[in-house]
Amino acid sequence: MKTIAILAHPNSIASDVLTLLDYFEFSNALWRFLQPESQQQLFHAYVVSPDAKPLQLRHGLQLAVQPHDWSQADAAVFTPGYAYDAKGLQQLVEQSSCYYPKLPTLLEQGAILAASCTGTYALAGSGLLNHRQATSSWFFKDVFQSMFPQVHLQLNKVLVLDQQLLTAGATTSHHNLCLALTEKLAGEQFARQMAKLMLTDPNRSSQLPYMDADLLPANPALDPLMKQARRYLLANLAEPFSLQQLADQLHLTKRTLLRRFKAELQDTPLNYLQRLRIEQAKRLLETSRMPIEQVVLQVGYEDVSSFRKLFLQYTELTPSQYRQKFLLEPNWNCCPQDAS
């Protein structure tokens, strides 16, 4: 039997804790169905709290804590917590720091350490992700990179496994995290069977299609000049790009302009403009049935093939695939009735 310790704290998101408990209980049910002669459970998942006392979560939910020595677990999972800014994310690290002393022992024993969404901050706070590849919620990418500059962040990916360290992206990626743990602890075939049972897409590999620049927290420290540059580029999105013209608009030399963009936005003006154009194209694909050729012209491109390659680079989907996935139908019906 494989044991999974769920490393929680009072600020843990209840649905994430319960999803882990429910998922591995469902796994046991499927295992009993497939192996009726077996008398043993496949998994034992249990909640750990910082003080070994029952865990009081938000919304009045209290969870029992089992007095296991979780340093013997086959996997330990840091749960996401309610946090919406740098201060809250730092508090998540502090709330989970009591778990850090046992983590090296777990790794020595071959256990998997896992985390998803904001739980990755707790794992990164241990220092074990330093110089390793990892992913996290794309929404707080700037905060993560500021707090943990030594972690090689792969935000385009839903899951990243670097040796025994497993990290997952935003929110519902914890379903993919569960599948990955199942594959490592019980084998690929059983994980595929669980994916079918849970209606979870095991091939969902990228966060890029879900990233929306409009949802990213604004950087209050952004240089006012760069804000002016952004406004100018947005107002002239479909116009041919001229570095000299942008520099003149901001009363800078081209060299100074390039240096300021690099320092403030970690990008060049042209690359930044491309990102703005891609975001506008995404909005048009989501909200209209405008032909792809017209969308391309609206965002300042003429060659559909070149734009398609660029769009694929930024989203890992073609424009048509993106529209099929995210188009907002005016008369959306969640539960269509069978006409027959």
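**View 1. Arg32 and its salt-bridge partner Glu25.** Arg32 is partly exposed in this predicted model, because its relative accessible area is 41%. Its side chain meets that of Glu25 in a salt bridge, at 4.0 Å from N to O. Glu25 also counts as partly exposed, at 39% relative accessibility. As you explore further, keep in mind that the structure holds 6 salt bridges, and two others appear in the next views.

**View 2. Asp69 and Lys102, a link between two loops.** Here the side chains of Asp69 and Lys102 form a salt bridge, 3.6 Å from N to O. Asp69 sits in the loop between β4 (62-63) and β5 (75-78), while Lys102 sits in the loop between α2 (86-96) and α3 (103-108), so the pair ties together parts that are 33 residues apart in sequence. Are these two residues buried or partly exposed? Asp69 is partly exposed, at 44% relative accessibility, and Lys102 is partly exposed as well, at 33%.

**View 3. Lys282 and Glu279, a salt bridge within a helix.** Now look at helix α11 (residues 269-287), where Lys282 and Glu279 both lie, 3 residues apart, about one turn of the helix. The closest N and O atoms of their salt bridge are 3.2 Å apart. Lys282 is buried, and Glu279 is buried too.

**View 4. Trp138 and Phe139, an aromatic pair.** A pair of aromatic rings is described by the distance of the centres and the angle of the planes. The structure holds 17 aromatic pairs. In one of them, the ring centres of Trp138 and Phe139 are 6.1 Å apart and the planes stand at 80°, so the pair is edge-to-face. Trp138 is buried, with a relative accessible area of 10%, whereas Phe139 is partly exposed, with 27%.

**View 5. Tyr301 and its ring partners.** How are the rings of Tyr301 and Phe307 arranged? They form a tilted aromatic pair, with 5.4 Å from centre to centre and 50° between the planes. Both Tyr301 and Phe307 are buried. If you follow the ring pairs outward, you will find a cluster that links Tyr210, Tyr301, Phe307, Phe311, Tyr322 and Phe326. Tyr301 has a charged companion too: Arg277 lies over the face of its ring, at 5.0 Å from the ring centre.

**View 6. Arg58 over the ring of Tyr82.** This view shows another arginine placed over an aromatic ring, with Arg58 lying over the face of Tyr82. The distance from Arg58 to the ring centre of Tyr82 is 4.2 Å.

**View 7. Cysteines without a bond.** How many disulfides does the structure hold? The number is 0. Start with Cys98: its closest cysteine sulfur is that of Cys117, and at 20 Å the two are too far for a bond. Cys98 is partly exposed, at 38% relative accessibility. Next comes Cys178, whose closest cysteine sulfur also belongs to Cys117, at 14 Å, again too far for a bond. Cys178 counts as buried because its relative accessibility is 1%.

**View 8. Helix α10 and its two faces.** Helix α10 (residues 254-265) has 12 residues. From its first C-alpha to its last, α10 reaches 16 Å, close to the 16 Å expected at 1.5 Å a residue. Within α10, Leu257, Phe261 and Leu265 are buried. Where do these three sit around the axis? They cover an arc of only 35°, which puts them on the same side of α10. Turn to the face away from the buried side and you will meet the exposed residues Arg255, Arg259, Lys262 and Ala263.

**View 9. Leu161 in strand β9.** Strand β9 (residues 159-162) contains Leu161. This leucine is partly exposed, with a relative accessible area of 39%. For a sense of place, compare Leu161 with Lys102, the residue from View 2: the two are 59 residues apart along the chain, and their C-alpha atoms are separated by 20 Å.

Definitions and conventions. Residues are numbered from 1 along each chain as its sequence is written. This is a predicted model: local features need pLDDT of at least 70, side-chain atom pairs count only at pLDDT 80 or more; totals for chains, interfaces and linings use all residues. Side-chain values use heavy atoms; hydrogens and water are left out. Buried means under 20% relative accessible area, exposed over 50%, partly exposed in between (1.4 Å probe, protein chains only). Helices (H or I, at least four residues) and strands (E, at least two) are DSSP runs, numbered from the N terminus. Rings of Phe, Tyr and Trp (its six-membered ring) pair if their centres lie within 6.5 Å; planes under 30 degrees apart count as stacked, over 60 as edge-to-face and the rest as tilted. A charge sits over a ring if NZ of Lys or CZ of Arg is within 6 Å of the ring centre and within 35 degrees of the ring normal. A disulfide is a pair of cysteine sulfur atoms within 2.5 Å. The expected span of a helix is 1.5 Å times one less than its number of residues. The arc is that of the directions from the helix axis to the C-beta atoms.
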